[in-house]
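User: Hi! Could you walk me through a few backbone and packing details of this model?

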Amino acid sequence: MSSKRNGDTSDPLATRSDGSFPAVRMRRNRQAQWTRRLVAENRLATDDLIWPLFVIEGENKRDAVPSMPGVDRLSIDLAVAAAHEAADLGIPAIALFPNTEASLRRADAAEAFNPDNLVCRATRAVREAGLDIGIILDVALDPYTSHGHDGLLIGDRIDNDATLEALVRQSLVQVEAGASVLAPSDMMDGRIGEIRRALEVAGYKDTLLMSYAAKYASAFYGPFRDAVGSSSNLKGDKRTYQMDPANTDEAIREVTLDIAEGADMVMVKPGLPYLDIVQRVSHELRVPTFAYQVSGEYAMLMASAERGWLDKNRTMLESLIAFKRAGAAGVLSYFAPEAAKLLRAEA
Ligand code: PBG
């Protein structure tokens, strides 16, 4: 910069007050930890985290998910222990996902309405532990269908309205088991309204609905489908019900509808690749907006960390604060317990 443009260089304080250097030095606020802490615009807290857990049959059994290093499928007793860990760490809620035995997966998804199915038994067991923790259960048929779809297949099409009836039945057995939050992840039209109505009629007025409102047909769900055992079954793809990754305005319409139908909270999924959607939904619609940092996002980071290509803890926390910056109220993340431990160590 020429001395002419800077004015009188003999007096460094005689700077122009038009926001230019050196009156303005952005680095002043960044010079030390204490000042960075003061000016931080967003903060990640354990209060923002939801921990998804995979449940299997058996006792004292843990079964690694190869495509998700560090994540194990847990028998119910160990899932209860994990719920205790979550509560001890201050994580407000867990989300339970069953890996249903292959013999119970049928075209009509009947196991979804069995009040003693795996996820209902797991929910009751966690409830009986008396923890002050939210239990979130997916509403979708994919853990129970022989074809791996979230809805019922009639011919070669997923039938929306037949699926709604099944989702309502699934919802009722899940709240009866003790779910605090139902999270419809199936992307059928009208399901939030139907489930909300059925809950009111059955007297479950306080059950929360966290709608997977803007859920995209994403390849980032691959490791999750391994974990719940639906990937080898899945015929075709989910593009007739999950959203096209090319679309944004459609997400706003989806969320608007779900709120009108009675959703208390909404979710955008996947997470980081869809941060623009998280930001638009939270800023334009001003509703509690959650992001799901999905299995494939977890796998990418863990694979790089295992190779020593990325620093696991730092990339984990950086990815989580990104959701807060975009306006998310909270994040479903397989990193939840590790992140909570890091946050506790920092405090
Ligand atoms: C089931 C469901 C899926 C996920 C959450 N609920 C998979 C899918 O829709 O195929 C994905 C979660 C993840 O990838 O971590 N409807």
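**Backbone and helix packing**

Analyst: Happy to, beginning with one residue: Met187 has 5% relative accessibility, so Met187 counts as buried (under 20% relative accessible area is buried, over 50% exposed and in between partly exposed, with a 1.4 Å probe and protein chains only). This is a predicted model, in which local features need pLDDT of at least 70, side-chain atom pairs count only at pLDDT 80 or more, and totals for chains, interfaces and linings use all residues. Residues are numbered from 1 along each chain as its sequence is written, and side-chain values use heavy atoms, with hydrogens and water left out.

User: What is phi of Met187, and where does Met187 lie?

Analyst: Phi is positive here although Met187 is not glycine, at a value near 65°. Met187 belongs to the loop between strand 8 (181-184) and helix 6 (191-201) (helices are DSSP runs of H or I with at least four residues, strands are runs of E with at least two, both numbered from the N terminus).

User: Is Asn60 buried or exposed?

Analyst: Asn60 sits in the loop between strand 1 (49-56) and strand 2 (62-64). Asn60 also has a positive phi, near 45°. Because its relative accessibility is 60%, Asn60 counts as exposed.

User: Which residue does a cis peptide bond join to Pro270?

Analyst: Pro270 is in the loop between strand 10 (265-269) and helix 9 (275-285). Omega is about -5° for the cis bond, and the partner of Pro270 is Lys269.

User: How are helix 5 and helix 6 oriented to each other?

Analyst: The axes of helix 5 (residues 160-177) and helix 6 cross at roughly 45° and come within 9 Å (axes are lines fitted to C-alpha atoms, for helices over the stretch in contact, with angles from 0 to 180 degrees between N-to-C directions). Angles under 35 degrees count as roughly parallel, over 145 as roughly antiparallel, 65 to 115 as roughly perpendicular and the rest as oblique. Helix 5 and helix 6 are therefore oblique.

User: How many nonpolar residues are in the contact of helix 5 with helix 6?

Analyst: Contact means heavy atoms within 4.5 Å. Leu164, Leu167 and Val168 are among the helix 5 residues there, and Ile195 and Ala198 are among those of helix 6. Ala, Val, Leu, Ile, Met, Phe, Trp, Tyr, Cys and Pro count as nonpolar, Asp, Glu, Lys and Arg as charged, and the others, Gly among them, as polar. The contact of helix 5 with helix 6 has 2 charged, 1 polar and 8 nonpolar residues.
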